[in-house]
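User: I have a chain here and would like to understand the labels given to its parts. Could you take me through the reasoning behind them?

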Amino acid sequence: MSPVAPSGSGPAVTVRAVVTGLVLVVGLNLVMLYNDYYLHNTPLILNHLPTFGTAVILALVLLANGALRHTRAVFTQAEILLVWSMVALGGGVGSTGFWRGVAGFMASPAYYATPTNEYTAYLVAHLPDWMLVSRNPDSPALRWYFEGLPRGESIPWGAWVLPILGWGAFGLAMYAFMFAATALFYRQWADRERLTFPIVQLPVELTRPAESGRRVNAFLRDPVVWVGAAIPILVYGLNGMRSYLPALPRVPLDFGTWGWFVDRPWREFNLGWAHVYFAIVGLTFLLTTEMSLSLWVFYVLYHLSYVGVAALGASSGYFGNWYTNLVVFQAAGAVLATAAFLVWIARRSLRDWWRRAAGTRGGASADDLLPPRLTLVLLVVGIGGVTGWVVAAGGQLWAALLGSALFLSVILVLTRLVIEGGMLLIGVEAIAYEFLCGAVPAAWLNGPTLASYVSLRGGLMSDLRELVMPYLMNGVRACEAAGLKARQVLGVLALTILVAFAAAAYGRIATGYKYGAMQGDVSYNLGWQSGLYEHVAKFQKNPPAYEWLRVGGARVFPVTLAHLVTGLGMTGGLLALRTLLPWWPLAPWGYIVAGGWPMSMIWFSVFLG
C-alpha cells in the first residue's frame, strides 16, 4: 500500500470529488430498496466491499478517465478513493447501518397489534410517541406504508417527522461514538499494530495512477488479474442466465452438510450450508494464518459442542438451553473481554490523548485524527446519547448502562474484525435485548426497558453486516494511502452521513408507500417483527424462571452469568496465549463470531482460502 504523504504535502480534498460522491450517495439511497428487494437484483451494498463501490471505481478508472485521458481533468487516485469511501459509507447508512431496519420498526408496533396478540398492552403502550408513526392500527399512515398508497393519495409525511427525529437522535449518538472511536483507535491499529486492512487493498490497487504512456496501471494490465476476475464473472453470469434460459447448466456454489451422521449424538454435528464466495476466498489470502485458521476452526468446534451436549443428555443446568447460552452469553463475555483488551493495549495512546483533551499536556498531536477535545465531546455524546435514549423512552438506567456497554463493545470488536480479518459479513448474537432478558430475573425489567430494547434489537442490533464504523476506518486508510489528510476525510464522511441519512429516509419511506413495504423487504417489515413482538409480549405475560446452578439443592450461581464468565475466561485465556506464546495458532476472533449467521455463510470460503 502506498505510504502516507507527510503532513503538509500531498493532494487535497477537491470539490469535484465531494460533489461526485454526494450525488452518487443520494442516487444510491433513492434506488437501493427498489433494486435490492423489489427487483431482487444483486444488492448494491450488503457488505464491507460493496458491489456498487467497486463498480464506481471501475467506472471512474476505465470510463471517465479513459474519456479524459488527454486532458488534465482525469480523476486522481485520491479523488476516486474518497468517492469510494463516501459511497460505501452512505450505502451503509441507508441499509442495515440504520434505515433498512429502523423504518419498519417506526411503523410496525401498532400495525401488527390485535386484541388477541395484546401488542397494544405489552409493546405499544410502553413506547413513547417519538418512536412511533402512529398508535392507531387503522391509521392510513401505517396501512398505506405497508400495503401501498391508494391512487390519488399523498404520502403522510407529517406522521413520520417525530419518529425520524426520535430515532435519528439514537443514530447520531451512535455515529458520534463511531467517529470518536475511529479517532482514538485508528493510529493504534494502523501505525502501531500495523494491521493489514485487507479490504482496502483492492481499491488502492485498482486506483493506482497509470505509468507514463499507459492507459491503465500495471495491476489492471496484469492478465492474471483478468483470468481471476473472469472465473466468478463466468460462473455468476452462467447461473444468472438460467433465469432466462433454464436449460443452461448450473454451477453449484453450495452444498448442505445435513445427514452426515444418523445416530445421536453425532447427528447433532451440522455445519449448515457450505457456500463458495469468490471474494471471501480471495480476501483470505490477505489474512494472517492465525486469523483465517481461527475463523473456521472455532466454527467447527462450536458445532462439535452440540455433540458433547447431546451425549450428556442435559436439559437444564449449565448445558441446558445450549444455543442461547453459548451464542448470547458466552459471546457477550467474549466481546466484553476483547473490548477491554483493545482498550488495554491502546492504554498509552489513550492516556496521551486524555492529557491533550484535558489540557494538561500541550495541544493537538500530529497523530490526532480529530481535535482531542472534539473527540472527547463526541465520545460523551455517543455514550451518553445511546444510554440516555433508552432512559428517555422510559427504560431503567442500570439496564440502559448494561445494554449500551454491550452494544458499543460489539461495535468496537466487530470493527476490529473487519480491519484485521477482512470479514465482508460480520455479526454476533450478543445482543442487548436477549442479554438483559436472561442476565437478570424477569421481574427486574420494566415494560419500557423491554419495549425500547426489543425495538433497537430489530431495528439496529440484529444485522450488523453494514456496520458503519468499519467504513470510516477503511475510508480513512484508503484515502491516507493516496495522500489525503485523515481529518479532512473524516469531515467529508461526516457530511456524507448527514446527506445519506436524509436521502435514505426519503428513499425508504417513499418506496414503501409506492410499492407497499410488505411486498419488498419482508425480513424487516414482517419477519423480525413477528418473532420479536411475540417474545416481548410472552416475556411479560409469563415471565420465565431464572435458572441457577445448584449444588445439593442450594443455589450457587446463575446459569447465564456462568456462561458470561466462561466467555470472559475463554477469551482472556486465548488472548494471554496469543500474547505470551508466539507459536500459538489461534486468536479469539473466531470464538466471538462462531454462533452468528454471517459465519455460517462464509466459513467454507474462509476454509478454502
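Analyst: Happy to! Let's start with a term: a pocket is an open set of grid points with protein on both sides within 12 Å along at least five of seven lines. Please keep in mind that this is a predicted model. Its largest pocket has a volume of about 2,000 Å³. The lining comprises 44 residues, and Leu49, Pro232, Tyr236, Phe278 and Ala279 are the closest to the centre.

User: What makes a residue of that largest pocket count as lining, and which helix gives the most?

Analyst: A lining residue has an atom within 4 Å of a pocket point. Helix 10 gives the most, with 8 residues. At least two residues each come from several helices, including helix 2 (51–68), helix 10 (223–241) and helix 24 (597–608). By class, the lining holds 31 nonpolar, 10 polar and 3 charged residues.

User: And what does the second largest pocket look like by volume and by class of lining residue?

Analyst: The second largest pocket has a volume of about 460 Å³. Among its 23 lining residues, those closest to the centre are Asn65, Val74, Ala210, Arg214 and Arg215. Helix 2 and helix 3 (77–94) are the elements that give two or more residues, and helix 2 has the largest share, 4 residues. The classes come to 9 nonpolar, 9 polar and 5 charged.

User: Let's move on to the rings. How many aromatic pairs are there, and why is Phe261 with Trp266 called tilted?

Analyst: The whole structure has 43 aromatic pairs. For Phe261 and Trp266, the ring centres are 5.6 Å apart, and the limit for a pair is 6.5 Å. Their planes stand at 45°; stacked needs under 30 degrees and edge-to-face over 60, so what lies between counts as tilted. The pair is therefore tilted.

User: Are those two residues buried or exposed?

Analyst: Neither label fits: buried means under 20% relative accessible area and exposed means over 50%. Phe261 has 37%, so Phe261 is partly exposed. Trp266, at 42%, is therefore partly exposed as well.

User: How do you know whether Tyr299 and Trp603 are stacked or edge-to-face?

Analyst: Their planes are at 15° and their centres 5.4 Å apart, so the pair is stacked; the angle cut-off for that label is under 30 degrees. Tyr299 belongs to helix 12 (residues 289–312) and Trp603 to helix 24, so the pair ties together parts 304 residues apart in sequence. Both Tyr299 and Trp603 are buried. Elsewhere, one aromatic cluster is formed by Tyr111, Tyr112, Tyr145, Phe146, Trp160 and Tyr513.

User: What makes a charge sit over a ring, and where does Arg16 fit in?

Analyst: For Arg, CZ must be within 6 Å of the ring centre and within 35 degrees of the ring normal. The charged end of Arg16 sits over the ring of Phe75, 4.0 Å from its centre. Arg347 lies over the face of Trp344, with 3.8 Å to the ring centre.

User: Finally, why is the chain called as compact as a globular protein of its length?

Analyst: The radius of gyration is 25 Å, and the globule rule gives 25 Å for 609 residues, so the chain is as compact as a globular protein of that length. Along its principal axes, the C-alpha trace spans about 80 × 70 × 70 Å. The chain has 24 helices and 4 strands, and 55% of its 609 residues are buried.

Note on methods: Residues are numbered from 1 along each chain as its sequence is written. This is a predicted model: local features need pLDDT of at least 70, side-chain atom pairs count only at pLDDT 80 or more; totals for chains, interfaces and linings use all residues. Side-chain values use heavy atoms; hydrogens and water are left out. On a 1 Å grid over the protein atoms alone, a cavity is a set of points where a 1.4 Å probe fits but cannot get out, and a pocket is an open set with protein on both sides within 12 Å along at least five of seven lines; lining residues have an atom within 4 Å of a point. Grid points are joined across faces, edges and corners, and a volume is the space filled by probe spheres set on the points. Ala, Val, Leu, Ile, Met, Phe, Trp, Tyr, Cys and Pro count as nonpolar, Asp, Glu, Lys and Arg as charged, and the others, Gly among them, as polar. Rings of Phe, Tyr and Trp (its six-membered ring) pair if their centres lie within 6.5 Å; planes under 30 degrees apart count as stacked, over 60 as edge-to-face and the rest as tilted. Buried means under 20% relative accessible area, exposed over 50%, partly exposed in between (1.4 Å probe, protein chains only). The radius of gyration is taken over C-alpha atoms; the globule rule is 2.2 Å times the number of residues to the power 0.38.
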